[in-house]
Amino acid sequence: MRILGIAGSLRRGSHNRRLLRAAGDALPPGVDLVEWEGLAALPAFDEDLESSPPEIVRDFLDAVEEADALLIATPEYNASLPGALKNALDWASRPFPDNVLHDKPSAVIGASTGLFGAVWAQAEVRKVLKASGAHVLESELPVGMADAAFDDDGALADPDLSARLHDLVLDLVREVAAPVEQSA
């Protein structure tokens, strides 16, 4: 099973990249988290290019389509999601309703240096995913005070947060496996 991880921050050393990697470490054997690294290279969404998108956009859409699930880690900018992440989701949402997000199991987590752990941004990302037709878990994982939230090995320092992250990624894995189990 393959989960595509997208960090909404462009900063190489971002807390949300660390959170994605901690999520990857929490996955069971046989499940891989592959991080999309091309967010900064995506051009602004242009409906005129929707039917023949640039190669980097096609690469992104292929990565989403080939993934069994999505895990998005978002920071919060101005009480909402980052523009580059919204732009990527706009590309993935088209054409509606037959886009690469349609029925895609998805989960959203977030870290910020403030107390609230990007809860507003997480809600916005879930809203965009739902409007695009994705199957979105309602669970959230706000990681506040992210400057001190990780230990030297990159794991979440708080055992309760670590357990919640583990539970969330297992719920995402179960969402992917559920249709297979139901058809068997």
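## Close-ups of a predicted model

**View A. Ser 9 sits in the loop between strand 1 and helix 1 (15–26).** Everything shown here and below comes from a predicted model. With a relative accessible area of 4%, Ser 9 is buried. Setting aside residues up to four places away in sequence, Ser 9 touches Ser 14, Arg 17, Pro 75 and Tyr 77. One of those partners, Arg 17, turns up again in a salt-bridge network with Arg 21 and Glu 35.

**View B. Ser 80 is in the loop between strand 3 and helix 3.** Is this serine buried, partly exposed or exposed? Ser 80 counts as partly exposed, because its relative accessible area is 21% and the cut-off for buried is under 20%. Leaving out neighbours within four places in sequence, Ser 80 is in contact with Pro 75, Ala 121 and Glu 124. Pro 75 is also on the contact list of Ser 9. If you scroll along to Asn 99, you move 19 residues in sequence from Ser 80, and the two C-alpha atoms are 24 Å apart in space.

**View C. Helix 3 (residues 83–92) has a set of buried residues: Leu 85, Asn 87, Ala 88, Leu 89, Trp 91 and Ala 92.** What do they pack against? Their partners are strand 1 (2–7), helix 2 (55–66), strand 3 (69–74) and helix 4 (119–131). Helix 3 also carries a salt bridge, where the side chains of Asp 90 and Lys 86 meet at 2.6 Å, N to O. These two are about one helical turn from each other, because they are four residues apart in helix 3. Asp 90 is partly exposed at 22% relative accessibility, and Lys 86 is partly exposed too, at 31%.

**View D. Two cis peptide bonds can be found in the loop between helix 3 and strand 4 (105–111), where Pro 95 and Pro 97 lie.** The bond from Arg 94 to Pro 95 is cis, with omega near -10 degrees. The other cis bond joins Phe 96 and Pro 97, and there omega is about 5 degrees.

**View E. Leu 115, Phe 116 and Met 145 make a nonpolar surface patch of about 380 Å².** Phe 116 comes from the loop between strand 4 and helix 4, and at 61% relative accessibility it is exposed. Met 145 is in the loop between strand 6 (142–143) and helix 5 (159–183). Met 145 is partly exposed, with a relative accessible area of 45%. Check its backbone as well: phi of Met 145 is near 50 degrees, a positive value in a residue that isn't glycine. Ala 118, in the loop between strand 4 and helix 4, also has a positive phi, about 65 degrees, without being a glycine. Ala 118, though, is buried, at 2% relative accessibility.

**View F. Here are two more of the salt bridges, from a total count of nine.** Glu 138 pairs with Lys 130, their side chains meeting at 2.3 Å, N to O. Glu 138 is exposed, with a relative accessible area of 53%, while Lys 130 is partly exposed at 41%. In helix 5, Asp 171 and Arg 174 are three residues apart, about one turn of the helix. The closest N and O atoms of their salt bridge are 2.5 Å apart. Asp 171 is partly exposed at 27% relative accessibility, as is Arg 174 at 49%.

Methods
Residues are numbered from 1 along each chain as its sequence is written. This is a predicted model: local features need pLDDT of at least 70, side-chain atom pairs count only at pLDDT 80 or more; totals for chains, interfaces and linings use all residues. Side-chain values use heavy atoms; hydrogens and water are left out. Buried means under 20% relative accessible area, exposed over 50%, partly exposed in between (1.4 Å probe, protein chains only). Contact means heavy atoms within 4.5 Å. Patches are made of residues with over 30% relative accessible area and no salt bridge: like charges are joined within 9 Å, nonpolar side chains (Val, Leu, Ile, Met, Phe, Trp, Tyr) within 5 Å. Accessible areas come from the Shrake-Rupley method with a 1.4 Å probe; for residues, only the protein chains shown count as cover. A salt bridge is a side-chain nitrogen of Lys or Arg within 4 Å of a carboxyl oxygen of Asp or Glu.
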